[in-house]
Amino acid sequence: MSEYRFVFDTNTVVSALLLRESISRQAFDRANQLGRIILSLDTIAELNDVLGRAKFDRYIQVNERFQFLALLVAKAALVDIDVTIHECRDPKDDKFLELALSGQADWLITGDKDLLVLNPFRTIPILTPKAFLSHPWIEDRT
């Protein structure tokens with residue numbers, strides 16, 4: 001059986017990294033158990049930029065942040081984007097919709113209201129980490 005494919009927005013990934021007991025981290029870990037996180041060059045670039053910000057230095061060292069990113073990229077599936085989307089009220093978030101469609105994602109996990117209002121996006125559920133964890137229809141395909 002095929003594995004599930006997940007898109008996580010940048011803020012959710014950063015929360016998962018910084019707050020190891022958080023709902024975001026639980027959702028991130030569960031997604032890794034159930035399938036594969038998918039990334040695009042644009043989402044990797046944004047993560048790289050955000051993780052390099054000095055404001056996170058008091059929580060976790062910069063080298064640890066980039067080790068996390070390197071491991072994420074190594075484990076994730078890199079998707080070539082083959083669609084252009086202009087549907088999110090925050091145009092910077094369109095890249096996650098493009099990734100979800102191009103990568104045939106099963107879910108987009110986010111806390112961003114600009115994305116959540118689009119749920120579902122062309123049949124792809126857009127859920128908060130908490131909603132993702134609480135759905136009974138998430139089954140192990142392995």
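**Pocket lining.** I looked up which element gives the largest share of the lining of the largest pocket, and H4 does, with six residues. The model is a predicted one, and I read every entry below with that in mind. H2 and helix H4 (62–75) each supply at least two residues of this lining. I noted a volume of about 240 Å³ for the largest pocket. Its lining counts 15 residues, and those closest to the centre are Arg25, Phe28, Phe68, Leu71 and Leu72.

**Arg25.** I stayed with Arg25, since it is among the residues closest to the pocket centre. I found that Arg25 makes a salt bridge with Asp29, with 3.2 Å between the closest N and O atoms. Both residues sit in helix H2 (residues 23–34), four residues apart, about one turn of the helix. I then checked accessibility for the pair. Arg25 has a relative accessible area of 17%, so I entered it as buried, the limit being under 20%. Asp29 comes out at 32% and is partly exposed.

**Other salt bridges.** I counted seven salt bridges in the structure and looked at two further ones. Asp49 and Arg53 form one of them, at 3.2 Å from N to O. I list Asp49 as partly exposed at 46% relative accessible area, and Arg53 as partly exposed at 37%.

The other joins Asp114 to Arg89, and I read 2.4 Å between the closest N and O atoms. Asp114 belongs to helix H6 (residues 113–116), whereas Arg89 is in the loop between strand E3 (77–78) and helix H5 (94–102), so this pair ties together parts 25 residues apart in sequence. I noted Arg89 as exposed, because its relative accessible area of 56% is over the 50% limit.

**Glu98.** I next asked which side chain of opposite charge is nearest to Glu98. Lys95 is, at 7.9 Å, and Glu98 has no salt bridge although it is buried. Glu98 is placed in helix H5. What, then, lies 2.9 Å from a polar atom of the Glu98 side chain? I found the backbone nitrogen of Ile85 there. I also listed the contacts of Glu98, leaving aside neighbours within four places in sequence: Ile81, Val83, Thr84 and Ile85. Ile85 therefore appears in my notes both for its backbone nitrogen and in the contact list.

Conventions. Residues are numbered from 1 along each chain as its sequence is written. This is a predicted model: local features need pLDDT of at least 70, side-chain atom pairs count only at pLDDT 80 or more; totals for chains, interfaces and linings use all residues. Side-chain values use heavy atoms; hydrogens and water are left out. A salt bridge is a side-chain nitrogen of Lys or Arg within 4 Å of a carboxyl oxygen of Asp or Glu. Buried means under 20% relative accessible area, exposed over 50%, partly exposed in between (1.4 Å probe, protein chains only). Lys and Arg count as positive and Asp and Glu as negative; His and the chain ends are not counted. A polar contact is a pair of N or O atoms within 3.5 Å; within protein, one must be able to donate a hydrogen and the other to accept it, and residues adjacent in sequence count only if both atoms are side-chain atoms. Contact means heavy atoms within 4.5 Å. On a 1 Å grid over the protein atoms alone, a cavity is a set of points where a 1.4 Å probe fits but cannot get out, and a pocket is an open set with protein on both sides within 12 Å along at least five of seven lines; lining residues have an atom within 4 Å of a point. Grid points are joined across faces, edges and corners, and a volume is the space filled by probe spheres set on the points.
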